[in-house]
Amino acid sequence: MCKRALCWLVGASVLLLMSNLGSAQILINDNFYGGGLNAGDGSSVKGGFSLTANGISAASTTAEADSYAEVVTTGGANGNAGITSNTSFDALSAAAMSKGLTVEWVVTSLSQTTGANGNTYTLQPDNVFFNTIPYVGVMFSGKAGTAPDGVRFVGKTTGGDPTHNLSALYNYDRASFLDGFTVRFRISEAGWMFEVEGLDIPVMEEGTWGDFNLADVLDGDSFVSAHAQTPGADLVARYDSCTVWIGKKDASKANTPRPENGASDAPRGSVLSWNPGEFAVTHDVYLGTSFADVNDADIANPMGVLVSSGQDANSYDPAGVLEFGQTYYWRVDEVNGAPDNTIFTGDVWSFTVEPLAYPVAPVTVTATGISEEGAGPENLVNGSGLDADDLHSDESSDMWLATPVEGEPLVLEFAFERVEKLHQMLVWNYNVAFELLLGFGVKDVTIEYSADGADWTVLGDFELAQATAVATYAANTAIDFGGAAVKYLKLTVNSGYSAIGKFGLSEVRFLSIPVQADDPQPEDGATDVAVAGAVLGWKVGREAAVHDVYLGVDADALPLIDSVAENTASPGALDLATTYYWRIDEVNEAEAISTWEGDLWSFTTEPYIVVEDFESYTDDIDAGEAIFLTWVDGYEASDNGSQVGYLESPFAETTIVHGGSQAMPLIYDNSGAATRSEAVRTFAPALDLSANAVQSLSLFVHGDEANVGGQLCLKINNTKVAYTYLTDVLQRRQWIPWTIDLAATGADLSNVTSLSLGIEGAGASGMVFVDDIRLYPQAAEVIEPVTPDDNDPNLAAYYALDGNVSDSTGNYPGTAEGAPEFTAGQRGQAINLDNSDDHVVHALAEEQVWSAYGVSLWVKTDVFAQDQYSGLFNNNSSSSDFQIDVDGTDPGNYRYLGAANRVIGPVTSDWVHLAVSCDGVATRVYYNGLYAGTANSADTRFGQIAIGINRGMNNRFGGVIDEVRLYNRAISDAEVLGLAGVTTSVPKAL
């Protein structure tokens with residue numbers, strides 16, 4: 001094996017290239033087209049990219065956190081206008097994000113243009129689609145399928161089409177985008193953001209990767225383009241510029257401010273911090289309340305805002321400076337070392353400090369008396385009539401107006417969700433245009449409050465100022481509560497501004513001082529919370545000295561697990577797939593109210609722990625990131641015939657993968673001195689497989705029919721576990737789950753320092769792929785095959801195809817079209833279809849809806865590359881139809897094609913068993929008896945039963961089909977195994 005020497009040369013070449021370009025460069029290997037980086041089109045390259053004759057220089061993943069790279073292309077392009085890239089760009093993006101960088105695509109000013117013949121071509125709105133990455137983009141007009149016009153951000157579903165809409169549909173003026181606009185899409189490890197500027201409505205959304213998998217975003221074919229199709233051959237769609245940048249755009253400046261630039265609720269005790277510029281030795285910090293002063297000040301003219309100069313730390317604590325509700329501006333200048341001491345002037349950032357008190361929400365209110373229709377007490381707390389500046393309208397329908405019941409007081413009672421430390425009550429009085437004449441406004445009131453609804457305290461009698469009777473009325477009464485503990489409040493009306501006997505108010509708002517813990521981390525309701533290194537965090541209540549932490553699985557009986565002085569706490573060992581409830585009580589014995597009980601929050605832990613997904617490996621040997629540097633093979637061991645990874649990059653497998661974008665190739669050759677082929681990964685610190693309620697270890701293996709012999713084994717430390725299920729596991733060209741009961745292995749699970757995967761057996765040779773090694777809290781299960789009886793009452797149709805196309809159930813007799821022949825089958829005879837005009841069909845008199853169904857068939861062909869949609873089975877209804885077909889690739893795959901699609905498995909020259917099982921909600925697909933995935937749709941309407949042709953009745957399959965069974969119920973995993981001829985139990989995939 002020569003890969004070590006070969007890879008050393010590659011690594012040395014990259015190192016030499018880096019030494020010439022500087023360690024802060026990000027380099028990528030790619031070709032850009034469709035606008036591209038061609039001479040004379042106005043393209044320019046900045047930062048870490050280095051142009052070569054063929055595009056961009058070789059890849060490196062040694063980018064530092066302050067590196068950046070930018071490509072800008074200007075000018076127009078035909079058809080797909082933009083920057084397009086391939087897998088290396090995806091790999092670079094992933095590597096950049098792993099180092100804390102951000103990747104952003106920007107496409108600006110798509111507009112109508114004039115073609116070569118002088119004609120003006122207008123872009124057709126229905127055909128404009130900004131693809132930022134595969135199936136993740138900004139889609140214009142009816143492409144989302146829910147409205148004829150609009151703009152929508154769409155995301156890719158795993159293995160599916162762009163049907164996962166992440167945004168609302170924004171309706172816009174068709175003409176607006178023809179005047180030019182900007183689309184911006186940004187991704188980082190934390191999440192995504194997109195915005196469209198220049199339309200007649202603003203479009204901006206952001207989110208986390210809970211919406212869809214980052215792995216699906218970086219799935220090997222990323223690109224940025226403005227795709228526009230217009231009638232005629234000349235067209236053309238023009239963009240004024242496309243930009244791709246990675247990291248930050250000026251590595252010399254301070255960046256990544258904390259608090260974030262524009263933050264609107266920064267804690268009063270905030271410490272300012274930032275990521276330093278690449279060359280900074282010291283930092284000058286400017287801070288003030290005037291943008292102009294902070295922007296214009298310098299060392300020579302500090303203008304009273306230079307608060308620290310020449311400091312070493314990249315943080316500044318303005319203790320005692322920050323005021324509630326105040327907006328501050330700040331800037332950090334980065335100062336180089338000697339001899340030049342260059343100053344890199346920073347950007348001006350801003351943040352606004354938290355207010356003294358926050359509005360209480362939600363608030364409910366009830367009223368005695370008889371309220372006017374459409375003017376109920378709910379108008380007092382729902383914001384009706386208030387504009388963005390809290391100015392109230394003069395519309396009576398935005399207010400409350402009531403008449404007391406004779407002999408009874410008119411009382412408003414307000415209730416909060418929890419006890420609040422109440423600061424103020426703001427009142428907008430009744431404010432119709434003639435209020436100064438009518439006098440419906442409330443004047444004299446008595447206010448009482450209670451923390452529990454039982455014991456009441458009279459705050460006092462108060463006079464509410466009369467409204468101004470204008471449409472821009474500001475609250476003009478503020479009642480101080482002095483920090484009283486309040487959950488319930490009564491306002492009793494004693495008099496109004498007239499004697500008419502009607503009383504009204506416009507709005508009432510309550511402000512409380514935030515003494516309870518807030519902003520939980522993990523967020524309330526969070527899912528997939530990692531159990532390793534989990535930390536509870538929160539925003540502290542303003543008066544807290546100690547924080548009592550309650551955590552448990554029973555929301556009604558939470559145990560106290562810790563009392564801490566900081567605003568973080570360890571939850572201790574967490575179990576997988578478990579919902580936890582927690583609460584923080586803020587305690588200060590020096591205060592009149594010593595304990596403020598917090599809200600009840602919850603989070604759910606991740607369903608499994610990833611031991612190895614093979615996604616982190618790159619081809620950078622110098623950085624120690626090659627797969628064979630972690631999974632050590634038999635390169636230097638004569639008795640170990642294994643080889644991990646390929647001899648040439650990419651070293652990991654990137655096509656045959658179970659999850660993500662990479663799997664581990666394990667080549668084995670147990671000949672000569674080699675008695676085993678084994679790859680070993682060590683762990684430091686050791687893994688504790690006995691923690692977190694773990695019961696099972698699961699992995700997936702993928703073999704090949706050319707593999708010879710061998711026994712698949714796994715070792716936990718030195719305890720060996722042999723695979724004892726499918727005898728041909730290494731010869732099956734499909735992903736096969738192996739789930740291991742850890743307790744049954746007898747290994748020391750609390751101190752696992754190594755895992756080994758290998759193949760034993762003299763003379764064994766071949767290659768397998770391994771992926772997705774995980775730990776689960778579920779017990780390992782096996783599926784025992786069950787063969788359904790041919791007399792099953794739910795067997796709706798059975799085509800044995802033994803010399804004819806009859807249905808042995810008698811329900812749906814087939815009719816042969818063309819001149820199909822019959823040949824030896826998987827069982828008896830089978831139908832041989834010529835891919836020209838042969839097929840079998842039974843047309844239903846009228847469409848039928850089957851609430852559930854199952855399909856089972858055998859297929860064999862020597863033609864691996866058939867036309868896309870070459871059908872094996874279909875139901876061809878007017879809606880909700882599906883087919884089992886071939887996907888048109890070379891070599892091809894069998895797939896389920898319906899409202900949602902799913903690849904089933906590869907086309908081979910051997911007999912292959914295919915099955916689908918629909919339960920009315922989703923459709924499971926199977927390959928050679930084993931579960932292969934789920935299509936999240938239920939295509940339950942049948943217009944016909946057809947074999948050997950697609951639902952469009954125009955693409956026929958070439959090959960042999962046998963034993964077609966159709967059930968009017970879902971078939972189970974065990975039944976599929978039996979129908980596929982599997983006689984041994986197999987592990988159930990978790």
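Which side chain does a polar contact of 2.6 Å join to that of Thr934? The side chain is that of Tyr931, where a polar contact is a pair of N or O atoms within 3.5 Å; within protein, one must be able to donate a hydrogen and the other to accept it, and residues adjacent in sequence count only if both atoms are side-chain atoms.

## Basis of the report

This is a predicted model, in which local features need pLDDT of at least 70 and side-chain atom pairs count only at pLDDT 80 or more, while totals for chains, interfaces and linings use all residues. Residues are numbered from 1 along each chain as its sequence is written, and side-chain values use heavy atoms, with hydrogens and water left out.

## The chain as a whole

The secondary structure of the chain comes to 6 helices and 71 strands; helices (H or I, at least four residues) and strands (E, at least two) are DSSP runs, numbered from the N terminus. Of the 990 residues in the chain, 50% are buried, a word that stands for under 20% relative accessible area, with exposed meaning over 50% and partly exposed in between (1.4 Å probe, protein chains only).

Contacts, meaning heavy atoms within 4.5 Å, often span the sequence: among those between residues at least 6 apart, 71% join residues at least 24 apart. The structure holds 0 disulfides, a disulfide being counted as a pair of cysteine sulfur atoms within 2.5 Å. Two of the cysteines can be placed by burial: Cys713 is buried, with a relative accessible area of 5%, and Cys918 counts as buried at 0% relative accessibility.

## A sheet of three strands

An open sheet is formed by 3 strands in the order β18-β20-β23, with antiparallel pairing; two strands pair if DSSP finds at least two bridges between them. Its edge strands are β18 (255–258) and β23 (315–316), each of which pairs on one side only. Strand β20 (residues 272–275) is joined to β23 by 2 bridges, and the two run antiparallel. Ser273 has Ser315, in β23, as its bridge partner.

## Aromatic rings and charges

A search of the whole structure finds 24 aromatic pairs. Rings of Phe, Tyr and Trp (its six-membered ring) pair if their centres lie within 6.5 Å, and planes under 30 degrees apart count as stacked, over 60 as edge-to-face and the rest as tilted. The rings of Tyr812 and Trp850 have centres 6.3 Å apart and planes at 45°, so this pair is tilted. Tyr812 lies in the loop between β56 (795–799) and β57 (815–817), and Trp850 in the loop between β60 (839–849) and β61 (853–860), so the pair ties together parts that are 38 residues apart in sequence. Tyr812 counts as buried at 12% relative accessibility, and Trp850 likewise counts as buried, at 8%.

Phe882 and Phe942 form an edge-to-face pair, 6.0 Å centre to centre with 80° between the planes. Phe882 is in the loop between β62 (870–874) and β63 (883–886), whereas Phe942 is in strand β69 (residues 941–947), so parts that are 60 residues apart in sequence are tied together by the pair. Phe882 is buried, with a relative accessible area of 0%, and Phe942 counts as buried at 0% relative accessibility. Ring pairs link these four residues with Tyr853, Phe873 and Tyr896 into a cluster.

Elsewhere, the charged end of Arg583 sits over the ring of Tyr550, 4.2 Å from its centre, and that of Arg965 sits over the ring of Tyr798, 4.1 Å from its centre. A charge sits over a ring if NZ of Lys or CZ of Arg is within 6 Å of the ring centre and within 35 degrees of the ring normal.

## Residues in strands β49 and β68

His702 is in strand β49 (residues 696–702), and at 6% relative accessibility it counts as buried. The side chain of His702 reaches the backbone nitrogen of Gln734 at 3.4 Å; not counting residues up to four places away in sequence, His702 touches several residues, among them Ile656, Trp735 and Phe769. Ser698 also lies in strand β49 and is buried, with a relative accessible area of 1%. Leaving aside neighbours within four places in sequence, the contacts of Ser698 include Trp738, Asp772 and Tyr776.

Thr934 lies in strand β68 (residues 930–935) and counts as partly exposed, at 22% relative accessibility. Thr934 and Thr923 are 11 residues apart in sequence and 5.6 Å apart in space, C-alpha to C-alpha. Not counting residues up to four places away in sequence, Thr934 touches Arg902, Ala922, Thr923 and Arg924.
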